[in-house]
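The exercises below ask you to read the architecture of one chain from its model. Work through each task with the structure open before turning to the solution.

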Amino acid sequence: MLEVRNLSKRYRGIPAVNNVSFRIVPGEVVGYLGPNGSGKSTTVKIITGLLEPSAGHVLFEGKNIQDDLPRFRKALGYVPEEAHVYTHLSGLEYLQLVGRLRGIEERLLEERASRLLELLWLRSSRHSPISSYSKGMKQRVLLAAALLHNPRLLVFDEPLSGLDVVSARLFKDLLQELAREGKAILYISHVLEVVEQVCDRVIVLSQGKILADAPPSELTSLMQLSSLEHVFAQLVQQQDTRSIARKMVDAIQVPHV
């Protein structure tokens, strides 16, 4: 369904993404992992049509998304990392705006928006301005907006940010249900425990290049490590955080002279 082919993006000649290729098929949840500055956000912006690549292509159902972005966006649901919403609108008004821009018929829009707000525990706040919402509530509104038009491709960029334990549990279950319905899902997260639970494959990115692309269990088995977190740390040559933490504690315990 989605194919990223030899994708590169350079800023002043410096590559942020360097010859990245992968595919996502219907019913598959693919984790996209990497440390800060690895190129994840740049990749997402290109996939969602917000940036044009310096080289390579993003194909959806065999067609270059840049050839017809409006068509592609009708099939795309996107939850960005930051909850940028029109805060003067209520939750219901925001979904109505998104739905009308999507061309959803008015009666169907009202039914879907009301039902999603109810299922996401936002019914009592549906007429309140989003400016009064907590970060987690705003995140749930974004999730409802991404699902409103029943997209075939979903991109979730750090969707658990601000969510409480119950909402996070709901999101994990939702991912699995969406996959069962044949949605293709790209899931960007730093919460590696969740990635290990819900993703069919994980792609590990570092300095703009793909270091690994395999199921979590295959990565841990091949590298003889106990968890995806340990695999990730070794692949990206992550610093010894425990040692650094110890040094930080030692530093604040230095006595005053």
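**Exercise 1.** Establish which elements cover the buried residues of helix 4, and where around the helix those residues lie.

*Solution.* Step 1: the cover over the buried residues of helix 4 includes helix 3 (91-101) and helix 5, in what is a predicted model.

Step 2: helix 4 itself spans residues 106-119, and its 14 residues reach 20 Å from the first C-alpha to the last, close to the 20 Å expected at 1.5 Å a residue.

Step 3: with buried taken as under 20% relative accessible area, the buried residues in this helix are Leu109, Ala113, Leu116 and Leu117. Viewed down the helix axis, the buried residues fall within an arc of 100°, so they line one face of helix 4. The general background is that an α-helix has 3.6 residues a turn, so residues three or four places apart point the same way.

**Exercise 2.** Describe the sheet of six strands, giving its order, its edges and the helix 5 packing.

*Solution.* Step 1: the six strands make an open sheet, ordered 6-7-8-3-9-10, in which the pairing is mixed. Its edges are strand 6 (76-79) and strand 10 (209-214), each of which pairs on one side only, and from one strand to the next the twist averages 15°.

Step 2: at one end of that order, strand 9 (residues 201-206) pairs with strand 10 in the antiparallel sense over five bridges, and valine 204 stands opposite alanine 212 in strand 10.

Step 3: helix 5 (residues 135-147) packs on the sheet, where it touches strand 6 and strand 7 (153-157), and its direction makes about 175° with that of strand 6.

**Exercise 3.** Carry out the corresponding analysis for the sheet of four strands, including the helix that lies across strand 1.

*Solution.* Step 1: this open sheet has the order 2-1-4-5 with antiparallel pairing, and its edge strands, strand 2 (14-24) and strand 5 (63-64), each pair on one side only.

Step 2: strand 1 (residues 2-11) runs antiparallel to strand 2 and is joined to it by seven bridges, with leucine 7 standing opposite valine 20 in strand 2.

Step 3: helix 1 (residues 40-47) lies across strand 1, strand 2 and strand 4 (55-60), and runs at about 120° to strand 1.

**Exercise 4.** State how many helices and strands the chain has, and what share of its residues is buried.

*Solution.* Step 1: the chain has ten helices and ten strands. Step 2: of its 257 residues, 46% are buried.

How values were computed
Residues are numbered from 1 along each chain as its sequence is written. This is a predicted model: local features need pLDDT of at least 70, side-chain atom pairs count only at pLDDT 80 or more; totals for chains, interfaces and linings use all residues. Side-chain values use heavy atoms; hydrogens and water are left out. Helices (H or I, at least four residues) and strands (E, at least two) are DSSP runs, numbered from the N terminus. Buried means under 20% relative accessible area, exposed over 50%, partly exposed in between (1.4 Å probe, protein chains only). Two strands pair if DSSP finds at least two bridges between them. Axes are lines fitted to C-alpha atoms, for helices over the stretch in contact, and angles run from 0 to 180 degrees between N-to-C directions. Contact means heavy atoms within 4.5 Å. The expected span of a helix is 1.5 Å times one less than its number of residues. The arc is that of the directions from the helix axis to the C-beta atoms.
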